[in-house]
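Here is a friendly note to read beside the model, point by point. Please keep the viewer open as you go.

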Amino acid sequence: MKIKSLSHAGLTVKNFDKAVKWWWDVFKFPLISESALSAETLAGMKKLYNLKDGISVRFGFLRIPKGGVLEIFEFSENEQPNHCWNRPGPTHVTLDASDVKGWYAKLAARTDIEILCEPTLKDGAWWFFFRDPDGNLIELIDLGFNYFAVRVLGGIAGFFMRKGKFKKYYR
């Protein structure tokens with residue numbers, strides 16, 4: 001038994017149709033699947049979704065280049081987003097990009113995006129954060145040379161780090 005990879009990330013949106021159009025318009029991520037959960041199915045998922053009776057759920061998958069998937073959810077009633085970095089739980093979704101400065105210029109020109117910081121260079125990677133129209137935190141990052149190190153050498157590095165620098169975590 002083993003984990004093969006990260007399958008997908010999920011985001012809740014206010015309006016499914018608008019979100020599909022936005023993700024296509026900005027990033028060219030096509031919708032590849034769409035579905036709704038029946039009242040019967042949702043009855044057994046109240047704890048999972050923290051739902052009141054009568055709430056409906058629509059969801060779909062957007063295809064990201066190189067096999068990534070972004071799942072979007074629309075609830076017939078939703079609460080205001082309450083993103084908080086300093087407590088356990090999901091914080092953001094990161095998209096691997098090239099030309100982060102170009103993306104920054106493109107996204108900063110839009111009125112439906114809140115830019116949270118300028119492109120920053122740290123340890124060879126360029127990155128910046130913004131909020132999508134639903135308030136979800138999105139990071140664009142260009143790993144530069146680190147892309148090769150993480151994607152190709154990451155397994156080897158992980159093995160040696162488990163035996164060396166980070167062995168205290170693996171006793």
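1. Is Phe 160 buried or exposed? Phe 160 is exposed, with a relative accessible area of 53%; buried means under 20%, exposed over 50% and partly exposed in between, with a 1.4 Å probe and protein chains only. Phe 159 counts as partly exposed, at 37%.

2. A word on the ground rules: this is a predicted model, so local features need pLDDT of at least 70 and side-chain atom pairs count only at pLDDT 80 or more, while totals for chains, interfaces and linings use all residues. Residues are numbered from 1 along each chain as its sequence is written, and side-chain values use heavy atoms, without hydrogens and water.

3. Now to the rings. The whole structure holds 15 aromatic pairs (ring centres of Phe, Tyr and Trp, its six-membered ring, within 6.5 Å; planes under 30 degrees apart are stacked, over 60 edge-to-face, the rest tilted). Phe 159 and Phe 160 make an edge-to-face pair, 5.3 Å centre to centre with 80 degrees between the planes.

4. Try finding one aromatic cluster too: Trp 22, Trp 23, Phe 27, Phe 29, Trp 103, Tyr 104, Phe 128 and Phe 130 form it.

5. Which residues line the second largest pocket closest to its centre? They are Ile 64, Pro 65, Thr 94, Asp 96 and Arg 151, out of 28 lining residues. A pocket here is an open set of points on a 1 Å grid over the protein atoms alone, where a 1.4 Å probe fits, with protein on both sides within 12 Å along at least five of seven lines; lining residues have an atom within 4 Å of a point.
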